[in-house]
Amino acid sequence: MNQYDVAIIGSGPGGYVAAIRCAQLGMKTAIIEKYAVLGGTCLNVGCIPSKALLDSSHHYEDAVKHFEEHGIDIPGEVKVNLKQMIARKQAVVDQTTKGVEFLMSKNKIDVYHGVGSFKDATHINIAKKDGEETIEAKNTIIATGSKPSSLPFIEIDKERVITSTEALKLKEVPKHLIVIGGGVIGLELGQVYKRLGADVTVVEFMDRIIPGMDGALSKELTKVMKKQKVKFNLSHKVKSVERKGDEVIVKADDKKGKEVTISGDYCLVCVGRKPYTDGLNAEAAGVKLDDKGRVEVNEHLQTNVSNIYAIGDVVKGAMLAHKAEEEGTMVAELLAGQKPHIDYNLIPGVVYTWPEVAAVGKTEEQLKEEGVAYKSGQFPMRALGRARASMDIDGFVKILADKNTDEVLGVHMIGARCADLIAEGVTAMEFRASAEDISRMSHAHPTFAEAVKEAALAATDDRALHA
């Protein structure tokens, strides 16, 4: 029987990063993955493939709508080759997952392909295609991730009524895509197919899209996506989804209780994700799950069984790949006797639509609810020379700072390259910078980053220079 200092069940961003860090710290490490390829949801059917399709569809939209204005004439009709677009997406996925395989080999991590389940607190059974194997591990990290959620009355047939997994490999562009859920995944994939020619209707139970983010971001993204001809049915409670041949009929009640019927050829169900522990046999190790199916952990991500930890989507908190990576690193370092720390307030959130939406820290609504005295500075992207040069003028940067100390409490932005720009906000808040600190830092001109400096100036003393 092979013995290890640590075994990780699940090879998504949390799991494989945990494995690498454990190996770097001198532990004999094994990683167990139920599928034939490493990388988990993020690399295979989540973050990476969706971004590949977002980029491809963005190029197409630019060619159709903006090239002529840039002085680029294309003879003939610009057409979508969806088969090639999907193939390129898969090539990106394959390259990325092979990179993870290389990292496992480089760090001398043993990889097992099969379903890992607890025999007891120190032994893990691995059900492989060619039989079963048992390994012994002093410590185990559960990193089994999450799966798409649905509603109890919706039958996901994976053909016309689909999840994000199927939406990444459609064989045709929908005529009318109905998206149930106005969160990150629904908006990103909805925008992909809108760019490619589909009519898109988003049905959202809450009164706004991206409800977990600052209200100003939600309002601006709604305005921009409406301009892009995406339809929104907000405050609508879906009550039935029925397929009749190639037609999908969605019925929902609006906020006044009136029934609304929406008909399309595809329905994408994006109502969140749920923790995945199927086949784990957690009870055999004595590991407790909460009422939502998540693994219960303490502040050190340790379960009620002292040598078993859990990270990522399978525990409480935001279901984000980078949050899982931080947790994987933290557990590895704890096992090595170090004292790492994660500030969950400084885990950024991003929506990869165009314009991109990104945020870190407290929202304005949270500060009001907590009774914190704050000041706000906001700067529009359209006031930037760089934004006008690239025709990306939608959006703004908003900085929230403590009214008394000027410490930055939240950074919220929507615009071109905000997924990258938010790192500036994270860095500033990690070092407890004031709005004035940011405003006095030189930002290269012309860049989108200048909006961060200008918003900081607006928050410091209402003295943005270019607005």
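**View 1. Lys-158 sits in the loop that links β7 (146–148) and β8.** This is a predicted model, in which local features need pLDDT of at least 70 and side-chain atom pairs count only at pLDDT 80 or more, while totals for chains, interfaces and linings use all residues. Residues are numbered from 1 along each chain as its sequence is written, and side-chain values use heavy atoms, with hydrogens and water left out. Helices (H or I, at least four residues) and strands (E, at least two) are DSSP runs numbered from the N terminus. Lys-158 is not a glycine, yet its phi is positive, near 65 degrees. For context, most residues other than glycine have a negative phi, and most peptide bonds are trans. Is Lys-158 buried or exposed? With a relative accessible area of 56%, Lys-158 is exposed; the cut-offs are under 20% for buried, over 50% for exposed and partly exposed in between, using a 1.4 Å probe and protein chains only.

**View 2. An open sheet of five strands runs in the order β8-β15-β9-β10-β11.** The pairing in this sheet is parallel, where two strands pair if DSSP finds at least two bridges between them. β8 (161–162) and β11 (231–233) stand at the edges with a single partner strand each, so one side of each has no neighbour in the sheet. β8 is joined by two bridges to β15 (residues 266–269), and these strands run parallel. Look for Val-161, which stands opposite Cys-267 in β15.

**View 3. Cys-267 and Cys-42 are both shown here as buried cysteines.** Cys-267 counts as buried because its relative accessibility is 0%, and Cys-42 because its value is 11%. Why does Cys-267 not bond to Cys-270? The closest cysteine sulfur to that of Cys-267 is in Cys-270, 9.0 Å away, which is too far for a bond. A disulfide is a covalent bond between the sulfur atoms of two cysteines; here one is counted when a pair of cysteine sulfur atoms lies within 2.5 Å. A search of the whole structure finds zero disulfides.

**View 4. Tyr-4 and Tyr-112 meet edge-to-face.** The structure holds one aromatic pair. It is made by Tyr-4 and Tyr-112, with 6.1 Å from centre to centre and 90 degrees between the planes. Rings of Phe, Tyr and Trp (its six-membered ring) pair if their centres lie within 6.5 Å, and planes under 30 degrees apart count as stacked, over 60 as edge-to-face and the rest as tilted. Tyr-4 belongs to strand β1 (residues 3–9) and Tyr-112 to strand β3 (residues 110–113), so the pair ties together parts 108 residues apart in sequence. Both Tyr-4 and Tyr-112 are buried.

**View 5. Lysines lie over tyrosine rings, with Lys-28 at Tyr-4 and Lys-147 at Tyr-276.** A charge sits over a ring if NZ of Lys or CZ of Arg is within 6 Å of the ring centre and within 35 degrees of the ring normal. Lys-28 is 5.0 Å from the ring centre of Tyr-4 and lies over its face. The charged end of Lys-147 is 5.1 Å from the ring centre of Tyr-276.

**View 6. Helix α9 (residues 321–335) has 15 residues.** From first C-alpha to last, α9 reaches 21 Å, close to the 21 Å expected at 1.5 Å a residue; the expected span is 1.5 Å times one less than the number of residues. Its buried residues include Ala-324, Met-330 and Val-331. The buried residues of α9 pack against α1 (13–24), β6 (131–142) and β17 (308–310), where contact means heavy atoms within 4.5 Å. Just after α9 comes Gly-337, with a positive phi of about 90 degrees.

**View 7. Helix α12 (residues 418–430) is flanked by Arg-417 and followed by Arg-432.** Arg-417, in the loop between β22 and α12, has a positive phi of about 65 degrees although it is not a glycine. At 46% relative accessibility, Arg-417 counts as partly exposed. The 13 residues of α12 should span 18 Å, and its end C-alpha atoms are 18 Å apart, which agrees. Among the buried residues of α12 are Leu-421, Ile-422, Val-426 and Met-429. Their cover includes β18 (349–351), β19 (356–361), β22 (408–415), α13 (435–439) and α14 (450–461). Arg-432 has a positive phi, near 55 degrees.

**View 8. Cis peptide bonds precede Pro-355 and Pro-446.** Trp-354 and Pro-355 are joined with omega at about 5 degrees, and Pro-355 is in the loop between β18 and β19. From His-445 to Pro-446, omega is near 0 degrees, and Pro-446 is placed in the loop between α13 and α14.
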